[in-house]
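Grab a pencil and work through these exercises at your own pace. Try each task yourself before you read its solution.

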Amino acid sequence: MVKIIIVVLICALVSVLLKTYKPEIAIFFTLAVSLFVLCYLVTELEEIIEVIKTFGEKAQIPAAYMSILLKMVGISYLSEFASSLCKDAGQGTLGTNIETVARVSMLILSIPVLRSILDFIEEII
């Protein structure tokens, strides 16, 4: 992880220099570095996802709910990633739009869980 941080910091310095001399290339350089980091993280996340699934099984949480949770985490990370890239490219409005779409998507994903909670409350009452 430390190696990735060092590489990203070096790339950040290169990106600052590129913005000064070749601003049209700087955004593509930033995108390339960001995709490299994202690919690295995906390989690391596979292990984390397996641990989360194991915890869910041990806690007897239905697989459907665990799937919803993992989808929401994925949407959160990807939307933040895309939003940051848009904002770095000077497209703040597009970045904000991505964040809004992500929030609505997560809300839609949570509907089955909310229904289950309401059903449980009705059973108790």
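Below are some ground rules, then five exercises with worked solutions.

This is a predicted model, where local features need pLDDT of at least 70, side-chain atom pairs count only at pLDDT 80 or more, and totals for chains, interfaces and linings use all residues. Residues are numbered from 1 along each chain as its sequence is written, and side-chain values use heavy atoms, with hydrogens and water left out.

**Exercise 1. Two serines**

Task: Work out whether serine 15 and serine 34 are buried or exposed, and list what each one touches.

Solution:
- Step 1: Find them. Serine 15 sits in helix α1, and serine 34 in helix α2, residues 23-58. (Helices are DSSP runs of H or I, at least four residues; strands are runs of E, at least two; both are numbered from the N terminus.)
- Step 2: Get the cut-offs. Buried means under 20% relative accessible area, exposed over 50%, and partly exposed in between, with a 1.4 Å probe and protein chains only.
- Step 3: Apply them. Serine 15 has 10%, so it is buried; serine 34 has 16%, so it is buried too.
- Step 4: Look for contacts (heavy atoms within 4.5 Å), not counting residues up to four places away in sequence. Serine 15 touches Ala26, Phe29 and Thr30, while serine 34 touches Phe81 and Leu85.

**Exercise 2. The salt bridge hunt**

Task: Find how many salt bridges the whole structure has, and say which residues form a salt bridge.

Solution:
- Step 1: Know your target: a side-chain nitrogen of Lys or Arg within 4 Å of a carboxyl oxygen of Asp or Glu.
- Step 2: Search everywhere, and you get one.
- Step 3: Name the partners. Glutamate 99 pairs with lysine 87, and their closest N and O atoms are 2.9 Å apart. The pair links distant parts of the chain, 12 residues apart: glutamate 99 is in helix α4 (residues 92-109) and lysine 87 in helix α3 (residues 63-88).
- Step 4: Check accessibility. Glutamate 99 is at 23%, so it counts as partly exposed, and lysine 87, at 39%, is partly exposed as well.

**Exercise 3. A nonpolar patch**

Task: Find which helix gives the most to the nonpolar patch.

Solution:
- Step 1: Collect the members: Leu107, Leu114, Ile117, Leu118, Phe120, Ile121, Ile124 and Ile125 form this surface patch, with about 860 Å² of accessible area together. (Patch residues have over 30% relative accessible area and no salt bridge; like charges are joined within 9 Å, and nonpolar side chains, meaning Val, Leu, Ile, Met, Phe, Trp and Tyr, within 5 Å. Areas come from the Shrake-Rupley method with a 1.4 Å probe, and for residues only the protein chains shown count as cover.)
- Step 2: Sort by helix. Helix α5 (residues 111-124) gives the most, with six residues.
- Step 3: Try one example. Leucine 114 is in helix α5, and at 44% relative accessibility it counts as partly exposed.

**Exercise 4. An odd phi**

Task: Say where glutamine 60 lies and what its phi is.

Solution:
- Step 1: Glutamine 60 is in the loop between α2 and α3.
- Step 2: Recall that most residues other than glycine have a negative phi.
- Step 3: Glutamine 60 isn't a glycine, yet its phi is positive, about 60 degrees.
- Step 4: With 73% relative accessibility, glutamine 60 counts as exposed.

**Exercise 5. The chain start**

Task: Work out how far apart methionine 1 and tyrosine 40 are in space.

Solution:
- Step 1: Methionine 1 lies in the segment before α1 (2-21).
- Step 2: Methionine 1 is exposed, at 57% relative accessible area.
- Step 3: Methionine 1 and tyrosine 40 are 39 residues apart in sequence and 9.7 Å apart in space, C-alpha to C-alpha.
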